[in-house]
Number of protein chains: 2
Amino acid sequence: MRTLIGDISGKVGETVELEGWVDSRRDHGKLIFIDLRDRSGKVQMVALPNHEEAHASATALRPEWVVRVSGTVNARPEKMVNKDEPNGAFEIEISDIAVLAMAKELPFDLASDVNIDTYLDYLPFTLRSEKSRAIFKVQSVITRSVREFFNKEGFTEIQAPKLIGDDAEGGANSFNVEYFGHTAHLAQSPQLYKQIMVGVFERVFAVGNVYRAEKHSTTRHLNEYTSMDIEMGFIKDYGDIMATENAFLKHLEMSLRESCSEEFKLLGSEIPAVPEKIPMMTLREAQILITGETGVDCTKEPDLEPEHERWLCDYAKRTFDSDFIFITDFPTAKRPFYTFRDEKDPVYTKGFDLLFRGVEITTGAQRIHNYDDLIASMKEKGLDPEKFAFYLQAFRSGMPPHGGFGLGLERLTQKMLGLGNVKEATLFPRDINRIDRLLSSTDDNIKN
Amino acid sequence: MRTLIGDISGKVGETVELEGWVDSRRDHGKLIFIDLRDRSGKVQMVALPNHEEAHASATALRPEWVVRVSGTVNARPEKMVNKDEPNGAFEIEISDIAVLAMAKELPFDLASDVNIDTYLDYLPFTLRSEKSRAIFKVQSVITRSVREFFNKEGFTEIQAPKLIGDDAEGGANSFNVEYFGHTAHLAQSPQLYKQIMVGVFERVFAVGNVYRAEKHSTTRHLNEYTSMDIEMGFIKDYGDIMATENAFLKHLEMSLRESCSEEFKLLGSEIPAVPEKIPMMTLREAQILITGETGVDCTKEPDLEPEHERWLCDYAKRTFDSDFIFITDFPTAKRPFYTFRDEKDPVYTKGFDLLFRGVEITTGAQRIHNYDDLIASMKEKGLDPEKFAFYLQAFRSGMPPHGGFGLGLERLTQKMLGLGNVKEATLFPRDINRIDRLLSSTDDNIKN
């Protein structure tokens, strides 16, 4: 009967059977120390010469071998306790070792600091490092927290399609798929589907892959990422959407404090304190502020430049002690056709971005719910309503005032944990040069 | 302040503000009855002539209009109570109506029985029917139940990529994607990635879209569907995998009983009773049984035919009173390269199918964890290990005995609810003829 390493603290003096990977081995001749790792933690084990067979087995072990070990849980003497390790007060005295699988020679030590290309080349190995496991544990807690919060708030989770006909968000950046003699596309977002579903369930959310055929390989770009998409009906205006996102982030903070303190410590980052009310200002106000404080006039620009996003985050931190700030009322010209316009000044939208630690992590908005207004907005943007006939049925059938937002899971994970590259927060990142292995014109692995 | 219809029972005598869709309107001249629908339920409202303005508004209302209604919650007299409706004991006396959105002329009555093509042509409208809402509520409870169970059991949820290089499960049925001058593919399953992740987290699950480029449009086929994939390490053998699936199904039964009794009743189906131990037999035993009982010799066949699956389900029902039966030990020749073989008779695998109400809903197996065995199996199947070099790193790095299974969300929903067509259990089904709208060679909506 297997005992998880995380459960040994209650079993001092008992004989237990552990299973896991050899994390490291230190051979001191008579004493051989093995650190064993399983999904619940790590513990030091020792093979003594009096258990001859086990001692011989321990000599042969190498990192990443998979073993089943029987042994006694001993409490370490006070002065030998390692306070930095969760199980640093214990040691397993090995009585028996069974090798479940050997490893071949490893490419490098798992704890080594390697460059990003080497890291990606060896993902099935490098993902086992303490750092990677911490990152993707945090990521799984984020998705769990999304589901907890939105289920509790009466949202229904939906499965949005990724294979789409025309590219609803307008083009150049979509991947083409050969579809039975037609060309289909990979969805850039579940936007139109989640709006349709507001007509069915009022409040919906979707977590799934989305695609951008951007021809860049940078620390910020991914060609496939995970979007967490929320949409809700019967709102007063976009204030309700921002309040909902604010409440979700508060819930997320609590989930992370409960489950991921160790992981944040390991990665040298801090769980952000989410204000009860995240500060907000309009784009116009932000631009006047930036212009006034920096002397560089940005009031004519239709959007925020990356350096303005950073500046505003610094400003929010020093003025409101907030890692977050909402910027609202982006110009209609820069927002998609379905974005609701300010009734008093239709040059501006009821749309917003949420900035966090220097970058935009959310784009959201109230949407147009009136059929005729939507048709007019499409025409103004040069779009053909006939191409959106399927989507438009929702609006022909009566749609409540609604809106929503999207959050990129990998970018959120990255910024939460202070990672330099979004690819470190993506299990198997795809970019212009890589699908698992590097792509090259002579590489037939990808050409099939 | 909005009140949800589901909360009115505690507000008899109070004035409330409700928001929702006009589900139906019955005009009796002096009395106008409106059924209002929101995400929490439905209630009858009445406009009386003494509220002149509200009465005039009510006259104008049509189905699917979106309204905000103020009114008093009245308890109906005993003889007027409609026991078939959750809110059949109440009626809202309307004092004010605000129209939030009108609907255009509707294509047909939402409650009409339409054929599947019409249903699919008008999904943004037809998904609003009581039946569709029930189906997709059940579906959301299934995915929630998966996450509850596997999180509790120490599994980590992962985001598996859908854009892949070579088609790991061997070919003809994969969609091609134009990828920066290369050809990529849409994943048919997260199989290889979930195995890699067993090396990282021991126990993982993934819920996401998978793709099959099958050239069929039937009641069983989908080109994009949602796969719930589970993989776990440190198992004794495939018995542990089946036991885990059995325990999950038991949990699912409880979740459905708790949240979806009304929906099952509405759809005329029964929540299946999951046995403590689902009956199981080997394929060989099943074939001998079928041959003995039907007189038709199927003992030479390498797999189960659809009629055999139905027969075995009938058999399990009448013999063990079970809607489920595991069939195990399929031949190595019919299973993928990574399937673990029976040590005593390597012609057979430690693989299984789970049959439910006449069809296979799961394929699962123990997997090969030894690197050299895996290479040998690939070569025997005519596969080139070099193409799997990325995946094989996991096995070079030491992999525990492991296995898992996959469950198709839409098919499970369909069979649970006794629906005739899997497309009824898919929000926006894609088939060879349809991506939202029908495809045709002259249709440029899909050609971009």
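Across the interface of chain B and chain A, 10 salt bridges are found in this predicted model. One salt bridge joins the side chains of Arg147(B) and Glu157(A), with 3.3 Å from N to O. Polar contacts across the interface of chain B and chain A come to 40 residue pairs, with both residues at pLDDT 80 or more.

Helix H4 of chain B, residues 130–152, gives the most to the side of chain B that touches chain A, namely 9 residues. By residue class, the side of chain B that touches chain A holds 49 nonpolar, 26 polar and 34 charged residues. The length of H4(B) can be checked against its residue count. At 1.5 Å a residue, 23 residues should span 33 Å, and the end C-alpha atoms of H4(B) are indeed 33 Å apart, so the two values agree. After H4(B) comes Gly154(B), which has a positive phi near 85 degrees.

The extent of the contact can be given in residues or in area. Chain B contributes 109 residues and chain A contributes 108 residues. An interface's size is often stated as the accessible area lost when the parts come together. Between chain B and chain A, about 9200 Å² is buried, and carbon and sulfur atoms give 59% of this area. Of the area that chain B buries against chain A, 8% is supplied by Gln159(B), Phe180(B) and Phe390(B), more than by any other three residues.

The arrangement of the two chains comes next. A turn of 180 degrees, with a shift of 0.0 Å along the axis, lays chain B on chain A with an RMSD of 0.0 Å. The two copies are therefore related as by a two-fold rotation axis. Val177(B) has the C-alpha nearest the axis in chain B, at 2.3 Å from it. The residues used on each side can also be compared: 99% of the interface residues of chain B are also interface residues in chain A, so the copies meet through the same surface.

Note on methods. Residues numbered from 1 in each chain as written. Chains lettered and ligands numbered in written order. Predicted model: local features only at pLDDT ≥ 70, side-chain atom pairs only at ≥ 80, totals over all residues. Heavy atoms only, no water. Least-squares fit on C-alpha atoms with pLDDT ≥ 70 in both. Contact = heavy atoms within 4.5 Å. Buried area = accessible area lost by both parts, 1.4 Å probe. Salt bridge = Lys/Arg side-chain N within 4 Å of Asp/Glu carboxyl O. Polar contact = N/O pair within 3.5 Å; in protein donor to acceptor, adjacent residues only side chain to side chain. Helix = DSSP H or I, 4+ residues; strand = E, 2+ residues; numbered from the N terminus. Nonpolar A, V, L, I, M, F, W, Y, C, P; charged D, E, K, R; others polar. Expected span 1.5 Å × (residues − 1).
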